[in-house]
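Reader: I'm in my first year and I've got a protein model open in front of me. Could you walk me through it, one question at a time?

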Amino acid sequence: MDICVVGTGYVGLVTGTCFAEKGNKVCCVDIDEERVAKLKGGVCPIYEPGLGELIEKNVRAGRLSFSTDIKDGLDGTQLCFIAVGTPPADDGRADLAQVLAAVDGIASALTHSCRIVVKSTVPVGTGTLLCRRIKNHLRERGMEKIDLEVLSNPEFLKEGMAIEDCLHPDRVVIGAASEEARAVMRELYLPFADESRIIFMDPASAEITKYAANTMLAARISFMNEIAQLCDRVGADVLSVKRGMASDRRIGEFFLDAGCGYGGSCFPKDVQALCCIGEAQGLDMTMASAVGKVNRKQKQQLHMMMRVRFGAEMEGLTAAIMGLSFKPRTDDMREAPSRTLIHGLLNCGASVRAYDPIAMAEAKKLLPSVVKYAPDVETLLSGADCAAIVTEWQEFKDADWQRLGALMKRKIVFDGRNICDPCRMRSLGFEYYCIGRNMTPKGRG
Ligand code: UDX
């Protein structure tokens with residue numbers, strides 16, 4: 001198939017490349033000239049394991065190309081995917097400016113019938129709105145004969161696992177009204193997923209599915225974070241509770257890890273946007289808003305623990321931050337819990353030193369300039385008063401704490417991801433604190 005993908009951000013680039021990998025001819029279009037130039041020069045502009053190699057392979061095979069001109073992308077295409085960003089506006093709603101600009105570009109260049117597929121996460125009803133908007137443009141151009149349908153095909157890619165998720169999806173959700181459109185999408189996705197895993201529905205349901213799925217996953221995390229708080233109060237262990245719960249097949253084991261809160265480009269934004277969508281319909285959205293509220297509080301947890309432990313000593317303290325990205329295998333710092341912690345520490349007068357295997361370049365753009373960066377864990381911990389594990393990178397899971405402890409000024413660790421073995425840490429002489437395991441500081445400061 002001939003496919004155009006508008007937007008070479010994370011979703012567009014991964015999706016377009018994977019379509020090409022399955023033998024389709026794909027043109028990825030972006031207005032960002034620098035980005036397109038990079039891609040044409042074989043440079044992958046984002047960090048995602050395996051993506052650079054896959055782009056190179058498909059460009060070489062002549063199946064994947066890049067352009068800043070939407071006309072190149074639309075030339076002969078049957079399907080045009082929209083995969084531009086929908087960042088949160090000030091009021092929490094999804095900002096559709098980039099989506100609208102993309103469809104306006106398409107509408108002004110389209111010369112043949114085409115199906116527009118929305119991959120961007122958009123509020124319910126956006127498909128209908130876009131269809132009307134494009135048809136108006138076409139009418140103005142005297143091209144109302146062009147047959148047009150707007151479909152919804154939300155993405156469920158996890159950063160760091162995006163290629164795998166895209167090539168082998170759990171399911172593909174497609175919101176399409178016509179049987180013809182469904183047939184085209186079925187043909188496109190059959191090389192990726194079993195027929196039984198391609199789920200067809202109306203576009204509005206597909207649009208809600210994306211928000212509902214992400215909010216459900218975020219809810220599981222917030223729920224466990226609340227249970228972790230309770231465990232700390234009553235002397236229970238959230239890991240045991242998780243094991244006991246997860247063995248019920250109806251509950252399952254995924255997304256039940258308590259920690260220092262969820263971040264990233266999707267969960268916080270989608271939970272908030274779902275609240276806005278429901279509230280606009282006169283609903284309270286009690287559950288969804290509680291999910292966001294619990295998470296905002298949880299992101300303060302490490303800082304609160306440090307304040308209890310150090311009290312007035314916070315000023316002048318050197319805190320070593322292990323991990324900056326919102327999760328491992330990505331350099332994405334959006335809504336990362338590390339940011340909440342670092343701001344809290346700086347406000348209390350502490351000195352902050354940080355290390356992340358991948359995200360430091362990104363962090364330097366976003367964090368206050370007083371934050372210092374270490375080239376490795378050893379340098380990070382040398383002379384530090386305490387360490388805070390914020391991202392569960394494998395490198396930190398494998399850390400040799402005996403060696404690292406000897407470098408620290410004080411052997412105090414706050415483990416925001418529960419990755420260390422408390423018994424071992426204690427046997428090595430560490431003062432060790434973590435989340436929901438009855439190991440919180442009791443105000444020694
Ligand atoms: C998420 C969805 O999983 C994906 O389907 C959607 O398309 C985009 O949003 P992503 O944001 O890449 O993907 O990350 P994910 O792996 O889902 O983790 C989100 C956050 O939740 C991270 O901050 C992670 O640390 C946190 N998390 C995850 C927990 O705190 N506990 C868990 O048990 C799982």
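**Walking through the model**

Author: Sure, and keep in mind that this is a predicted model. Let's start with F255, which sits in the loop between α10 and α11.

Reader: Is F255 buried or exposed, or something in between?
Author: To count as buried, a residue needs 20 or more other C-beta atoms within 10 Å, and 12 or fewer makes it exposed. F255 has 14 C-beta neighbours inside 10 Å, so its label is partly exposed.

Reader: Which residues does F255 touch, leaving aside its neighbours within four places in sequence?
Author: We skip the residues within four places of F255 in sequence. With those set aside, the contacts of F255 are L217, R220 and I221.

Reader: How far is F255 from Q98?
Author: Along the chain, F255 and Q98 are 157 residues apart. In space, going from C-alpha to C-alpha, the separation is 31 Å.

Reader: Where is D257, and is it buried or exposed?
Author: D257 is in the loop between α10 and α11. The bar for buried is 20 or more other C-beta atoms within 10 Å. D257 has 20 C-beta neighbours inside that distance, so it counts as buried.

Reader: Which residue does UniProt list for "active site"?
Author: The label comes from an unreviewed UniProt entry. The residue it lists lies in the loop between α10 (238-246) and α11 (267-280). With 23 C-beta neighbours inside 10 Å, it counts as buried. The name in the entry is C266.

Reader: Which residues come nearest to the ligand?
Author: There are 19 residues around the ligand. By class, that shell has 10 nonpolar, 4 polar and 5 charged residues. The ones that come nearest are E159, D257, Y262, G264 and C266.

Reader: Which element gives the largest share of the shell around the ligand?
Author: Here we ask which element supplies the residues of the shell. The largest share is 3 residues, and they come from α9.

Reader: Where does the shell around the ligand lie with respect to domain 1 and domain 2?
Author: Domain 1 covers 2-201 and domain 2 covers 211-297. Both give residues to the shell, so the shell lies between them.

Reader: How many residues of domain 1 are in contact with domain 2?
Author: The centres of the two domains, taken over C-alpha atoms, are 30 Å apart. On the domain 2 side, 9 residues take part in the contact, and on the domain 1 side the number is 10.

Reader: What classes do those residues on the domain 1 side fall into?
Author: We're looking at the side of domain 1 that touches domain 2. Its residues divide into 5 nonpolar, 2 polar and 3 charged.

Reader: How far does helix α9 reach from its first C-alpha to its last?
Author: Helix α9 runs over residues 203-234, which makes 32 residues. At 1.5 Å a residue, 46 Å is expected. The model's value is close to that, at 47 Å.

Reader: Which residue follows α9?
Author: This residue has a positive phi, near 80°. Its name is G235.

Reader: Which residues does K210 touch, not counting those up to four places away in sequence?
Author: K210 is in helix α9, and UniProt (unreviewed entry) includes K210 among its "binding site" positions. With 25 C-beta neighbours inside 10 Å, K210 counts as buried. Its contacts beyond four places in sequence are T121 and P154.

Reader: How far apart are the farthest two C-alpha atoms in the "binding site" set with D30, R35, T86, T121, E159, K269 and R334?
Author: That set comes from an unreviewed UniProt entry. Its residues span 305 residues in sequence. They do not all gather at one spot, because the farthest two C-alpha atoms are separated by 24.7 Å.

Reader: Which residues does R334 touch, not counting those up to four places away in sequence?
Author: R334 is in the loop between β9 (318-322) and α14 (337-347). It is partly exposed, with 18 other C-beta atoms within 10 Å. Its contacts are G263, G264, S265 and F326.

Reader: What is the phi of E335?
Author: E335 lies in the loop between β9 and α14. It is not a glycine, yet its phi is positive, at about 55°.

Note on methods
Residues are numbered from 1 along each chain as its sequence is written. This is a predicted model: local features need pLDDT of at least 70, side-chain atom pairs count only at pLDDT 80 or more; totals for chains, interfaces and linings use all residues. Helices (H or I, at least four residues) and strands (E, at least two) are DSSP runs, numbered from the N terminus. The expected span of a helix is 1.5 Å times one less than its number of residues. UniProt positions are given in the numbering used here, feature names are shortened, and annotations may be inferred rather than shown by experiment. A residue is near a molecule or strand if its C-beta atom, placed from the backbone, lies within 6 Å of it. Ala, Val, Leu, Ile, Met, Phe, Trp, Tyr, Cys and Pro count as nonpolar, Asp, Glu, Lys and Arg as charged, and the others, Gly among them, as polar. Domain bounds come from an automatic or database domain assignment. Two residues are in contact if their C-beta atoms, placed from the backbone, lie within 7 Å.
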